Structures are given as C-alpha cells and as structure tokens.
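Hi,

Here is the structure I promised to pass on. Have a look at it first, and my notes follow underneath.

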Amino acid sequence: MNSWECRKIIVDADHPSVAGHFPGNPIVPGALLLDHALSALALRCPCLIRNVKFLRIVRPGTALELRWQSLDGGKIRFSCHSAGDVVMTGLLESE
C-alpha cells in the first residue's frame, strides 16, 4: 500500500455555482467539491466513482487539504479535510 499524498485546494467565493447555494448563506455544492478534488488528482482519464460521502458543510473560500492513496487494482482512496474535520471521503477506480 502506498503512503498518503496531500494537496491544498480551495473553492473561490466568487465561483458561479456558489451564488445559488444558498443566497445569504453560501455553501460549496458537493459536485463542485468533488470536481475540484478530481482536478487536483489530475484525473483526466475515465474513472469510476465507487463512492463519495459528504460529511460536513464547506463554505466558499475555506482552505482544504486533499489526501489520497493509491491502492491495488487501480483504485484511489481520498479524503478532504478542513481544520481537522473530514468533509468528504471517497473511492475511485480506473476503468
């Protein structure tokens, strides 16, 4: 099993999708958070999202740490953290 790798990510407060989620009390949509994680992992090839769990609300502009680990069989386990809290976890698999 490989060691964990890390990368900082952030969803800008002025991202267009943030304005609609929710006016006066903005949160980062889960799909946008997942998209940022996939981009940070540089996954441009097809992959299967085996599971993703969104565990905490993320506010726009929040500094996040993405952690991932390559597993056997072309799988990647990942988690996203903010101030010590896990906000998202998941498992990907290459097609």
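Strand 4 and strand 5 (residues 85–94) are paired antiparallel, with eight bridges between them. One of the pairs to look for is I76, whose bridge partner in strand 5 is L92. Bear in mind that this is a predicted model.

Zooming out, those two strands belong to an open sheet of five, ordered 1-3-4-5-2 with antiparallel pairing. Strand 1 (5–10) and strand 2 (47–54) are the edges, each pairing on one side only. From one strand to the next, the twist averages 20 degrees.

Helix 1 (residues 30–40) packs on this sheet and touches strand 1, strand 2, strand 3 (63–71), strand 4 and strand 5. Its direction makes about 135 degrees with that of strand 1. Which residues of helix 1 are buried? They are L32, L33, L34, A37, L38 and A40, and these buried residues pack against strands 1, 2, 3, 4 and 5. Right after the helix comes A42, with a positive phi near 60 degrees.

Back in strand 4 (residues 75–82), have a look at H81. Is H81 buried or exposed? Its relative accessible area is 11%, which is under the 20% cut-off, so H81 counts as buried. The H81 side chain makes a polar contact with the side chain of S79, at 2.7 Å. Leaving aside residues up to four places away in sequence, H81 touches A63, L64, E65, R67, V86 and V87.

Now the cysteines, since you may be wondering about your reducing agent. A disulfide is a covalent bond between the sulfur atoms of two cysteines. How many disulfides are there in the model? The count comes to zero. C6 is in no disulfide, and the nearest cysteine sulfur, which belongs to C80, is 11 Å away. A disulfide needs the two sulfurs within 2.5 Å, so C6 does not qualify at that distance. Looking from the other end, C80 is in no disulfide either, with the sulfur of C6 as its nearest at 11 Å.

As for their surroundings, C6 is partly exposed, with a relative accessible area of 46%, whereas C80 is buried, at 0%.

Shout if anything is unclear.

Cheers

Terms used:
Residues are numbered from 1 along each chain as its sequence is written. This is a predicted model: local features need pLDDT of at least 70, side-chain atom pairs count only at pLDDT 80 or more; totals for chains, interfaces and linings use all residues. Side-chain values use heavy atoms; hydrogens and water are left out. Helices (H or I, at least four residues) and strands (E, at least two) are DSSP runs, numbered from the N terminus. Buried means under 20% relative accessible area, exposed over 50%, partly exposed in between (1.4 Å probe, protein chains only). A polar contact is a pair of N or O atoms within 3.5 Å; within protein, one must be able to donate a hydrogen and the other to accept it, and residues adjacent in sequence count only if both atoms are side-chain atoms. Contact means heavy atoms within 4.5 Å. Two strands pair if DSSP finds at least two bridges between them. Axes are lines fitted to C-alpha atoms, for helices over the stretch in contact, and angles run from 0 to 180 degrees between N-to-C directions.
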